[in-house]
Amino acid sequence: MRRIGASVIERVTQACVCASMLLAPVAATQAATEEDPWEAVNRPIFRFNDTLDTYALKPLAKGYDAVTPQFLEDGIHNMFRNLGDVTNLANNVLQLKPHAAGVDTARLIVNTTFGLAGFFDVGTKMGLQRSDEDFGQTLGYWGVPSGPYVVIPLLGPSTVRDGIAKYPDTFTRPYRYVDHVPNRNSAFALDVVDTRASLLPAEKLIQGDKYIFLRNAYLQNREFKVRDGEVEDDF
């Protein structure tokens with residue numbers, strides 16, 4: 001059975017969008033007009049992203065999922081998650097969470113060395129659970145409101161706060177520091193396709209208006225993360 005990966009975010013055509021569905025109620029299809037005052041603009045952008053995903057990224061992800069042996073696909077996915085632990089570590093430090101930051105550090109050391117650059121997730125097997133943090137959550141932790149819901153071209157669902165926060169997070173990701181353009185682009189493309197492939201099973205959760213479902217799922221998931229699991233039922 002193919003795995004369902006985590007988030008973010010957060011890549012071309014917002015493959016991470018589907019990750020938010022995992023924590024949202026299946027019935028989350030009601031309007032959220034207060035959070036989405038720009039729906040008239042967001043919907044056309046959503047249709048553009050969805051069309052691009054349907055005819056470009058999704059077929060690539062299906063092909064990758066079909067031809068890649070499961071152990072290799074899992075290993076590649078683990079390696080990208082290992083790189084993502086740098087972002088988790090940085091944001092746990094900014095949120096003054098020393099225990100979580102310590103776990104992130106231990107995961108990076110263990111997985112990078114004994115896990116062969118992260119190909120094997122040794123840390124999780126040792127009880128070192130992975131965080132899922134980004135700068136948008138850090139801003140939320142310190143009380144910065146999310147602002148209205150927005151759909152960003154190519155990147156998908158976000159909010160004003162989370163959209164702005166995407167840029168600082170790029171400083172903790174490896175692509176910024178790879179000077180060899182072909183290698184950088186190849187690694188980035190593989191990351192995007194692998195992330196999208198890991199989210200294929202999550203699409204079965206979508207019900208009703210796809211735009212509304214994904215919007216509400218995203219907003220609930222972001223609230224869940226910012227509050228570290230303590231979420232009020234506002235939808």
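## Salt-bridge network

In this predicted model, a network of salt bridges links Asp36, Glu39, Arg43, Asp209 and Arg215. Within the structure there are 18 salt bridges. One of them joins aspartate 36 to arginine 215, with 2.9 Å between the closest N and O atoms. Aspartate 36 sits in the segment before helix H1 (39–67), while arginine 215 belongs to helix H8 (residues 210–226), so this pair ties together parts that are 179 residues apart in sequence. Aspartate 36 and arginine 215 are both buried.

## Other salt bridges between distant segments

Glutamate 203 and lysine 58 also form a salt bridge through their side chains, at 2.8 Å from N to O. Because glutamate 203 is in the loop between helix H7 (181–198) and H8, and lysine 58 is in helix H1, the pair ties together parts 145 residues apart in sequence.

A further salt bridge is found between arginine 130 and aspartate 85, where the closest N and O atoms are 3.3 Å apart. Arginine 130 lies in the loop between H4 and H5 and aspartate 85 in helix H2 (residues 70–94), so that distant parts of the chain, 45 residues apart, are linked by the pair. How exposed is each partner? Arginine 130 has a relative accessible area of 23% and is therefore partly exposed. Aspartate 85 has a relative accessibility of 0% and counts as buried.

## Glutamate 133 in the H4–H5 loop

The loop between helix H4 (122–125) and helix H5 (135–141) also contains glutamate 133. With a relative accessible area of 9%, glutamate 133 is buried, because the cut-off for a buried residue is under 20%.

Which side chain makes a polar contact with the side chain of glutamate 133? The partner is the side chain of glutamine 95, at 3.0 Å. When residues up to four places away in sequence are not counted, glutamate 133 touches Thr87, Asn88, Asn91 and Asn92, along with Gln95, Lys97 and Asp228.

## Phenylalanine 119 and the H3–H4 loop

Phenylalanine 119 is located in the loop between helix H3 (98–113) and H4. Its relative accessible area is 17%, so phenylalanine 119 is classed as buried.

The C-alpha atom of phenylalanine 119 is separated by 4.3 Å from that of glycine 75, a residue 44 positions away along the chain. Gly75 is also among the contacts that phenylalanine 119 makes outside its neighbours within four places in sequence. The others in this set are Phe71, Leu72, Asp74, Ile76, Asn78 and Met79.

## Leucines with positive phi

Leucine 96 has a positive phi of about 60°, although this residue is not a glycine. Leucine 96 is in the loop between H2 and H3. The relative accessible area of leucine 96 is 58%, which means that the residue is exposed.

Leucine 154 is another non-glycine residue with positive phi, here near 75°. Leucine 154 falls in the loop between strand E1 (149–152) and strand E2 (156–159). With 35% relative accessibility, leucine 154 counts as partly exposed.

## Nonpolar surface patch

Where on the surface do Trp38, Val41, Val160 and Ile164 appear? These four residues make a nonpolar surface patch of about 370 Å². Isoleucine 164 is part of helix H6 (residues 160–169). A relative accessible area of 59% makes isoleucine 164 exposed.

## Overall architecture and surface

The protein contains eight helices and two strands. Read from the N terminus, the order of its elements is α-α-α-α-α-β-β-α-α-α.

Of the 235 residues in the protein, 45% are buried. The accessible surface amounts to about 11,700 Å², and carbon and sulfur atoms account for 66% of that surface.

## Confidence of the prediction

The average pLDDT of the protein is 87, and 84% of the residues score at least 70. Over residues 1–31, pLDDT stays under 50. For this N-terminal stretch the model has 106 contacts beyond four places in sequence.

Notes:
Residues numbered from 1 in each chain as written. Predicted model: local features only at pLDDT ≥ 70, side-chain atom pairs only at ≥ 80, totals over all residues. Heavy atoms only, no water. Helix = DSSP H or I, 4+ residues; strand = E, 2+ residues; numbered from the N terminus. Buried < 20%, exposed > 50% of the residue type's maximum accessible area, 1.4 Å probe, protein only. Polar contact = N/O pair within 3.5 Å; in protein donor to acceptor, adjacent residues only side chain to side chain. Contact = heavy atoms within 4.5 Å. pLDDT = per-residue confidence, 0-100. Patch = residues over 30% accessible without salt bridge, like charges linked within 9 Å, V, L, I, M, F, W, Y side chains within 5 Å. Areas by Shrake-Rupley, 256 points an atom, 1.4 Å probe, with all protein chains shown as cover.
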